[in-house]
Amino acid sequence: MASTNDLKNGMVLKLDNDQLWSVVEFQHVKPGKGPAFVRTKLKNVLSGKIVDKTFNAGVKVETATVDRRDMQFSYMDGEYFVFMDMQTYDQLHVSKAAVGDAANFLIEGFTATVATHQGEVLYVELPAAVELVIQETEPGVQGDRSTGGTKPAILETGHQIQVPLFITTGEKIKVDTRDSGYLGRVNS
């Protein structure tokens with residue numbers, strides 16, 4: 001249990017029938033009239049839904065212990081992604097649902113943050129940007145565009161993104177894991 005006065009960004013609360021909510025942002029408000037309160041923006045850990053919630057100042061809220069560990073992606077085992085804890089070398093089988101969109105950017109050897117609560121995997125979080133090789137893209141032709149000019153490209157993970165026309169097959173690029181956006185070439 002913690003007081004609403006102790007809230008911090010990233011803290012995980014257990015509210016509404018044991019649902020887990022992560023504090024995205026919070027603000028202590030002391031109006032001229034009436035009692036103080038805490039205005040928060042909470043994100044549901046499993047669904048990603050964001051809601052605004054207001055608490056009276058000093059109210060007790062139940063906190064949840066979420067274990068976040070950096071683990072290395074090893075291989076696919078049927079429908080499961082297998083991650084290895086780099087300290088203990090324990091292997092953890094994670095379902096596709098828990099991995100979510102991170103699956104589009106995972107290749108063997110990548111390190112990701114795996115969050116668990118009471119032994120259950122909540123989500124897998126990748127860094128904001130990863131470096132991947134273009135597996136396949138058509139050559140860009142000068143003059144076949146009306147603006148900026150992008151073309152589809154397939155990454156080594158099989159995920160398709162849009163890249164500028166000058167990118168060729170076999171090049172290593174930096175990709176934003178949040179929106180699949182092209183961030184630039186990687187100089188080898």
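Visitor: What makes strands 2-3-4-5 an open sheet, and how are they paired?

Guide: This is a predicted model, where local features need pLDDT of at least 70, side-chain atom pairs count only at pLDDT 80 or more, and totals for chains, interfaces and linings use all residues. Residues are numbered from 1 along each chain as its sequence is written, and side-chain values use heavy atoms, leaving out hydrogens and water. Now the sheet: four strands line up in the order 2-3-4-5, with antiparallel pairing. Strand 2 (12–15) and strand 5 (50–56) sit at the edges with a single partner strand each, so one side of each has no neighbour in the sheet.

Visitor: How do you know that strand 3 and strand 4 pair?

Guide: Pairing takes at least two DSSP bridges between two strands. Strand 3 (residues 19–29) and strand 4 (residues 37–44) are joined by eight, so they pair, running antiparallel. His28 stands opposite Val38 in strand 4.

Visitor: Why is Asp176 called buried?

Guide: Buried means under 20% relative accessible area (exposed is over 50%, partly exposed in between; 1.4 Å probe, protein chains only). Asp176 has 8%, so it counts as buried.

Visitor: What makes the reach from Asp176 to Arg178 a polar contact?

Guide: A polar contact is a pair of N or O atoms within 3.5 Å, where within protein one must be able to donate a hydrogen and the other to accept it; residues adjacent in sequence count only if both atoms are side-chain atoms. The side chain of Asp176 reaches the backbone nitrogen of Arg178 at 2.8 Å, so the distance fits.

Visitor: And why is Val82 called buried?

Guide: Val82 has a relative accessible area of 0%, so it is buried too.

Note on methods:
Helix = DSSP H or I, 4+ residues; strand = E, 2+ residues; numbered from the N terminus.
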